[in-house]
Amino acid sequence: MQTDSDRRSDSDHRSDSDRRSESGHERYVALIARFSGQRVLAIGDLMLDEFIWGTVSRISPEAPVPVVNVTGESYYPGGAANVARNLREFTAHTSLMGLAGADSPGRRLCGLLQASGIDTAGVQQDAGCATIVKTRIIARNQQVVRVDRERPAPLTPRQLARAKEYLAAAITQVDGVVVADYGKGFLNQDLAGYICQTARAHGKVLTVDPHPHTSLAWRGVTAVKPNRVEAFSAAGMPLTDPVEPVTGDLPLWEAGRKLLRVWDTASLLVTLGEQGMLLFHGDAPPYHTPTRAREVFDVSGAGDTAIAVFTLGLLAGATPYQAAELANRASGMVVGKLGTATVSPGELEASFR
């Protein structure tokens, strides 16, 4: 599915330097200012991120592990709910569709979302579902261990019907849809196909952050954002080691080109960690934007930030290249923060000044 911005940039086959200089920082600041008017729906697996903060002063006499003296606890929306949280930093018109339990973590998650102003009308709370909780224990600014509590289960026919019913009504009220697949069961091929069909029928921007193990088909979407491992997996190619410079990573180029065809997508944005991002768009040469991260404290949720800001950029009228630069700046800042963090409009604007 192509948006107006996709069609405008289909013939843009300029060099990397030309694309970087196509607008100065004023253009990016103007794009960010338009984020607030965008209406976006996030869809996917919902989680609750729990952070236990503490200090370490000794090793346990029972086993060679640190003893963490707890000093505090924090809770944040995780998974697709964190995508919605990142969107909400920039626009008040943020809604969420997913599934949570009717348990204590589920109530806490929905409470956090509602308190931040995210529309949760599309969140089903089911007594037969256990809310996914990921607990990270942090000491001295480093993660000591992560504990996952989850029981992934496929959607029931009733849950699937309710999700489709909500989307059919909500699609006319949004400008774009972001899908975050964490492979926990909310997204199946039936729902994925319905999301693609509904967005295409209404001419909406649709971006997807895929999961390598679900192997769902996302054909005809506006953009897909895998990481490097996910890209090779989805392309059915053996994973190779990263190459410096990225422009010489021929297996990655081959995987990207293959996925453009397989997914029939206008753009493919591959996140590369410390190497930045690589954008495939149409027949143009891949566009590499190097990492903007100065310090890396915590990579939790960086991909959520990237897909949220990339989508907002497209909706605001950015070219795919400009949207990739925006996403790269935002994710580079969020990894410099502890916890499941977000980036504010002011911080993103400042990065271009």
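Two residues are in contact when heavy atoms of one lie within 4.5 Å of heavy atoms of the other. This criterion is applied below to a predicted model, beginning with one of its helices.

In helix α12, which spans residues 345–352, the residues L348, E349 and F352 are buried. These three residues cover an arc of only 100° around the helix axis, which places them on the same side of α12. The elements that cover the buried residues of α12 include α3 (25–34), α10 (302–315) and α11 (320–334). For α11, the geometry of the packing against α12 can be described further. The axes of α11 and α12 come within 10 Å and cross at roughly 110°. An angle from 65 to 115 degrees counts as roughly perpendicular, and α11 is therefore roughly perpendicular to α12. The crossing of the two helices, α11 and α12, is right-handed. On the α11 side, the residues that meet α12 are E325, L326, R329, A330 and M333; their counterparts in α12 are E347, L348, S351 and F352. L348 and F352 are thus named both among the buried residues of α12 and among the residues that meet α11.

Helix α11 also contains S331. Residues under 20% relative accessible area are classed as buried, and S331, at 10%, therefore counts as buried. When residues up to four places away in sequence are not counted, S331 touches M277, A302, T305 and A306.

The model contains an open sheet of nine strands with mixed pairing, in the order β5-β4-β1-β8-β9-β10-β11-β12-β13. Strands β5 and β13 (287–289) stand at the edges; each has a single partner strand, so one side of each is left without a neighbour in the sheet. Helices pack on this sheet. Helix α5 (residues 104–115) touches β4 and β5, and its direction makes about 175° with that of β5. Helix α10 packs on the sheet as well, touching β1, β8 (176–180), β9 (205–209), β10 (223–224), β11 and β12 (277–281). The direction of α10 makes about 165° with that of β9.

Within the nine-strand sheet, strand β4 (residues 94–101) can be followed residue by residue. Eight of the eight residues of β4 are buried, so this strand is largely enclosed by the rest of the structure. In a regular strand the side chains alternate between the two faces of the sheet. In β4 both faces are covered: T94, L96, G98 and A100 are buried on one side, and S95, M97, L99 and G101 are buried on the other. Strand β1 (residues 40–44) runs parallel to β4, and four bridges join the two. In this pairing, L41 stands opposite S95, and I43 stands opposite M97. Strand β4 is also joined to β5 (residues 119–126) by six bridges, again in the parallel sense. There, M97 stands opposite G122. M97 of β4 accordingly faces I43 in the pairing with β1 and G122 in the pairing with β5.

Another open sheet is formed by four strands in the order β3-β2-β6-β7, and its pairing is mixed. Its edges are occupied by β3 (66–79) and β7 (142–149), each with a single partner strand, so one side of each is left without a neighbour in the sheet. Neighbouring strands of this sheet are turned by 20° against each other on average, with direction ignored. Strands of a sheet pair through backbone hydrogen bonds, either parallel or antiparallel. Strand β2 (residues 46–59) and β3 pair in the antiparallel sense over 13 bridges. One of the bridge partners in this pairing is G79 of β3, which is matched with L46.

Several loop residues have notable backbone angles. N141 lies in the loop between β6 (132–139) and β7. Its phi is near 65°, a positive value in a residue other than glycine. N141 is partly exposed, with a relative accessible area of 45%. D264, in the loop between α9 and β11 (267–271), likewise has a positive phi, near 50°, and is not glycine. The relative accessible area of D264 is 42%, and this residue is partly exposed. A cis peptide bond joins E244 and P245, with omega about -5°. P245 is found in the loop between α8 (228–235) and α9 (250–263).

Conventions
Residues are numbered from 1 along each chain as its sequence is written. This is a predicted model: local features need pLDDT of at least 70, side-chain atom pairs count only at pLDDT 80 or more; totals for chains, interfaces and linings use all residues. Side-chain values use heavy atoms; hydrogens and water are left out. Two strands pair if DSSP finds at least two bridges between them. Axes are lines fitted to C-alpha atoms, for helices over the stretch in contact, and angles run from 0 to 180 degrees between N-to-C directions. Buried means under 20% relative accessible area, exposed over 50%, partly exposed in between (1.4 Å probe, protein chains only). The arc is that of the directions from the helix axis to the C-beta atoms. Angles under 35 degrees count as roughly parallel, over 145 as roughly antiparallel, 65 to 115 as roughly perpendicular and the rest as oblique. A crossing is left-handed if the near helix is turned anticlockwise from the far one by less than a right angle, and right-handed if clockwise.
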